[in-house]
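Open your viewer and get ready to pick out residues one stop at a time. We will move from the inside of the fold outwards, with a few short stops on the way.

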Amino acid sequence: MGVAGETPAELPPERAMTNLARKLRLVDYFALGFGTMVGTAWLVVMDDILQRGGPLGAILGFTAGALMLLPIGYVYGKLVKLIPDAAGEVAYTARVFPSGISFGTGWMMFLAYLLTCPFEALAAGRITGYLFPQLNSIELYRLGGHSVYLPHIVLGLIITGFFTWLNYYGIHASTKFLKFTTFTFLALVIVFALSGAQHGTVRNFRPLFSHTPLISILLVWQVVPWMMSGFESVGKSSEEASPDFHHRNFSVAIIMTIFAGLTFFWVVISSVSFVTPWQSLNSGLQFPTAVAFENAFHARWIVNLILGTALVALLQAFNANMVAASRLLFAMGRRNLLLPKMSRVHAVNHTPALAVFAVGATTAVAIFLGEAGLVPILEVGAVACAVGWMSACASYFLMKPSLLDRAAATFGILVTSAMVLVKILPIVPGHFSRYEWLALALWALLGLLVRIPAKSRTPGTAGVLIESPGASS
């Protein structure tokens, strides 16, 4: 097990993990952070967001959440510069806490990244099935009232296989594809937002709040940890920075990601509210946002544009979250918190091959759960992010930085504590149901089961290279 506080550069040569490819630059880190943050959730749950807060309540809720994330992002920028370790929160907590806390923190963050992959894979089936209804056929079974169709499963497995191969092949190929999808997505968002500006009225914004202003903002603020998580994923690829990358740019990438995410949600919330009365969004429809634009335009092409934009978004989110999940799994294996085999790096591709395959295989299995099986776990994922952020801020505070930095860490601890409490306290609207508690308990139990074999092994196998066929031994 890595000694508390060790970074990869400080580990003994036989245990050091310096063989990941060093390719990434500022734009790559921005694409990773934004890609991890923004997938298809904005399309799927926009009606719920507006029902929670109304147009102004939603905008203020996201603004408050994003501004509260800035000090946390500041802390992460300091931590990544201080400890450039793919373990992220695991490495930060290892400086000041026992290994059990490091494992628990890493296991929760791993859940947040991992479950996004099958969520996006399933979203691909829903979106393409909406565009091509013939794909909504050959029902295999029903789970929780949701049909599971064979074409949706096949499409999800194809996407999973593609990104598993891409991430196995190399981080350069993965981030190149990610940059393409990220900037294509942003361009498409601008197109449909400008198109919507010609078909609507500001009267559709009324009433500005769905409840009292404070309750409206609070209900939206609750979902911000899930909707805007991802900025912290920058640290998961910190060991893959280009040799000429300035470490202060980690902070730049994190802050850019938070502001880009906030701007995106401002644009989408405003566009949807402008084109249709937000109370008329029918949550019983599969994609009420797309339907609202279709009703305003009286044309099908805008639906195709929005859903095409969502397809690009799910590709970027799937890819970015697979990068983050595999790097975290790899780093936890290196510290002997999980099976050390997870820390093996391919000798030619310089990727954590076994960790990538593990994420891909788990995603493939989770796809068969369908939407009903993933929703409760995704709710737990929102809390998982807040727990990870809290642990990082607490760790930085205990490292005794400057007074200003300690103030930022203290603020982060308070904000993330509130984020957790509003989901677990039964007196707060929108708290966990028994399904979320069950999902959390099952994930904790699974964590204990995977921790037992790692405890019984010595760390001597960490950092072993996987030889490719034909590579010299």
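A nonpolar core, as the term is used here, is a set of buried Ala, Val, Leu, Ile, Met, Phe, Trp, Tyr and Cys residues joined through side-chain atoms within 4.5 Å. Keep in mind on this tour that the model is predicted.

**Stop 1: the core.** Begin by selecting Trp42, Phe62 and Met228, the residues with the most contacts inside the largest nonpolar core, which has 139 residues. Next, colour helix 11 (residues 301-334): with 20 residues, this helix gives the most to that core.

**Stop 2: tryptophan 42.** Zoom in on tryptophan 42 and show what surrounds it. Leaving aside neighbours within four places in sequence, tryptophan 42 is in contact with several phenylalanines, namely Phe185, Phe192, Phe264 and Phe265. Also in contact with tryptophan 42 are Met227, Val268, Ile306, Thr309, Ala310 and Ala313.

**Stop 3: the rings.** Now show the aromatic side chains; the count comes to 30 aromatic pairs. For one example, select phenylalanine 30 and phenylalanine 34. Their ring centres are 5.9 Å apart and their planes meet at 20 degrees, so this pair is stacked. Both residues belong to helix 1 (residues 26-37), where they are four residues apart, about one turn of the helix. Are these two phenylalanines buried or exposed? Phenylalanine 30 and phenylalanine 34 are both buried.

Widen the selection from there: ring pairs link Phe30 and Phe34 into a cluster with Trp42, Phe62, Phe183, Phe185, Phe192, Phe264, Phe265, Phe293, Phe297 and Trp301.

**Stop 4: a charge over a ring.** Move along to phenylalanine 397. What sits over its ring? The charged end of arginine 406 does, 5.6 Å from the ring centre.

**Stop 5: leucine 140.** Select strand 1 (residues 139-143) and find leucine 140 in it. Leucine 140 counts as partly exposed because its relative accessibility is 39%, a value between the 20% and 50% cut-offs. Not counting residues up to four places away in sequence, leucine 140 touches Val148, Tyr149, Leu150 and Ile153. Try a distance label between the C-alpha atoms of leucine 140 and leucine 150: they are 10 residues apart along the chain, with a separation of 6.2 Å.

**Last stop: the cysteines.** Finish with cysteine 117, which counts as buried at 0% relative accessibility. Cysteine 385 counts as buried too, at 2%. How many disulfides does a search of the whole structure find? The search finds zero.

How values were computed. Residues are numbered from 1 along each chain as its sequence is written. This is a predicted model: local features need pLDDT of at least 70, side-chain atom pairs count only at pLDDT 80 or more; totals for chains, interfaces and linings use all residues. Side-chain values use heavy atoms; hydrogens and water are left out. A disulfide is a pair of cysteine sulfur atoms within 2.5 Å. Buried means under 20% relative accessible area, exposed over 50%, partly exposed in between (1.4 Å probe, protein chains only). Helices (H or I, at least four residues) and strands (E, at least two) are DSSP runs, numbered from the N terminus. Contact means heavy atoms within 4.5 Å. Rings of Phe, Tyr and Trp (its six-membered ring) pair if their centres lie within 6.5 Å; planes under 30 degrees apart count as stacked, over 60 as edge-to-face and the rest as tilted. A charge sits over a ring if NZ of Lys or CZ of Arg is within 6 Å of the ring centre and within 35 degrees of the ring normal.
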